[in-house]
Amino acid sequence: MAESISSFWGPVTSTKECCEMNYAYSSYIAEFCNTISNIPTILLALIGLINALRQRFEKRFSVLHVSNMTLAIGSMLYHATLQRVQQQSDETPMVWEVLLYMYILYSPDWHYRSTMPIFLFVYGALFAAAHSVFHFGFGFKVHYIILILLCIPRMYKYYIYTQDASAKRLAKLFIVTFVFGSLFGFCDRVFCKEISSWPINPQGHALWHVFMGFNSYFANTFLMFCRAQQREWSPKVLHLMGVPYVKIEKPKSQ
């Protein structure tokens, strides 16, 4: 929703916008709600990172939590400025994050373990370079969906092989938050014209950010539990002020 309002960042140059009035609250923040709605993602990822470091989980999970924070910060920059360059800082980390999920999901059974991270790193670097030049639009969305679909079978396999009820609940929360987040995001994009005439804008894209922040945290915690089971670290899902986390007990030999 481009508005002819004086802004610190100049004219909008991004190829997409959400159903929120630009610079409604500040000349420094284009989409205020869509910007601050990334804060829960950063806080949850920070909780996950602290837990991963404190219990000495494999480094892949620390990188995963940092990836979540990086994506949220990139999204904040994009929605605050609505500039094409910042749009890349939102979209490119989305692909990098999914590639990292693919590594965590598939690497335990990958026979040539050294080749997988190298391939994914090169793939991610080549995509970033190509996206910065060609600015994929619809193609970016199709590519991103394909990467997500490649992760689903493995997530389902982890779910059916997990017997712990608390861990299965994390997987269910992952699905629920994804469904609700996608619904709000879809309505914000498709029914923007109708929503704009309402007395109050429900800020569907901002709700997408919030739900996907929890979605990422539930996914990360579930994967940490599954990996701890593979390593025989006796994982348990505990809660701190309602927030689930994984507690492990490594054998003394480790």
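Helix α4 passes helix α6 in a left-handed crossing. This is a predicted model, and the pairing of these two helices is a convenient place to enter it. Helix α4 takes in residues 84–106 and helix α6 residues 138–161; their axes come within 10 Å and cross at roughly 25°. Angles under 35 degrees count as roughly parallel, so α4 is roughly parallel to α6.

The residues that make this contact can be listed from each side. Helix α4 contributes Glu91, Met94, Val95, Val98, Leu99, Tyr101, Met102, Ile104, Leu105 and Tyr106. Helix α6 contributes Phe140, His143, Tyr144, Leu147, Ile148, Leu150, Cys151, Arg154, Met155 and Tyr158. Sorted by class, the contact of α4 with α6 holds 17 nonpolar residues, one polar residue and two charged residues.

The next stop is the segment before α1, the helix of residues 32–36. Glu20 is placed in this segment, and so is Glu31. In the unreviewed UniProt entry, the annotation "binding site" covers Glu20, Asn22 and Glu31. Are the two glutamates buried or exposed? The cut-off for buried is under 20% relative accessible area. Glu20 counts as buried because its relative accessibility is 3%, and Glu31 is buried because its relative accessible area is 0%. Glu31 also touches the other two annotated residues, Glu20 and Asn22. Its further contacts are Glu17, Cys18, His79 and Leu82, with residues up to four places away in sequence not counted.

Tyr23 is found in the segment before α1 as well. Its backbone deserves a look: Tyr23 has a positive phi of about 55° although it is not a glycine. Most residues other than glycine have a negative phi. Tyr23 has a relative accessible area of 7%, so it is buried. Gln203 offers a second case, with a positive phi near 55° in a residue other than glycine. Gln203 lies in the loop between α8 (192–196) and α9 (204–230). With a relative accessible area of 15%, Gln203 is therefore buried.

From that loop the chain runs into helix α9, where His205 lies. His205 is buried because its relative accessible area is 16%. Which residues does His205 contact, leaving aside its neighbours within four places in sequence? They are Cys18, Asn34, His79, Phe184 and Asp188. Two of these names have come up already, since Cys18 and His79 are also among the contacts of Glu31.

The same unreviewed UniProt entry carries the annotation "transmembrane region" for residues 29–50, 118–138, 173–191 and 206–226. Two of these spans can be described from the model. In residues 29–50, the end C-alpha atoms lie 30 Å apart, and the span is 77% helix and 0% strand. In residues 206–226, the end C-alpha atoms lie 30 Å apart, and the span is 100% helix and 0% strand.

The last stop is strand β1, residues 236–240, in which Leu238 is found. Leu238 has a relative accessible area of 33%, so it is partly exposed. Leaving aside neighbours within four places in sequence, Leu238 is in contact with Val243, Pro244, Tyr245 and Lys247. How far apart are the C-alpha atoms of Leu238 and Ser166? These two residues are 72 residues apart along the chain, and their C-alpha atoms are separated by 8.6 Å.

Conventions:
Residues numbered from 1 in each chain as written. Predicted model: local features only at pLDDT ≥ 70, side-chain atom pairs only at ≥ 80, totals over all residues. Heavy atoms only, no water. Axes fitted to C-alpha atoms, helices over the stretch in contact; angles between N-to-C directions. Helix = DSSP H or I, 4+ residues; strand = E, 2+ residues; numbered from the N terminus. Parallel < 35°, antiparallel > 145°, perpendicular 65-115°, else oblique. Left-handed = near helix turned anticlockwise from the far one by under 90°. Contact = heavy atoms within 4.5 Å. Nonpolar A, V, L, I, M, F, W, Y, C, P; charged D, E, K, R; others polar. UniProt positions renumbered as here; feature names shortened; annotations may be inferred. Buried < 20%, exposed > 50% of the residue type's maximum accessible area, 1.4 Å probe, protein only.
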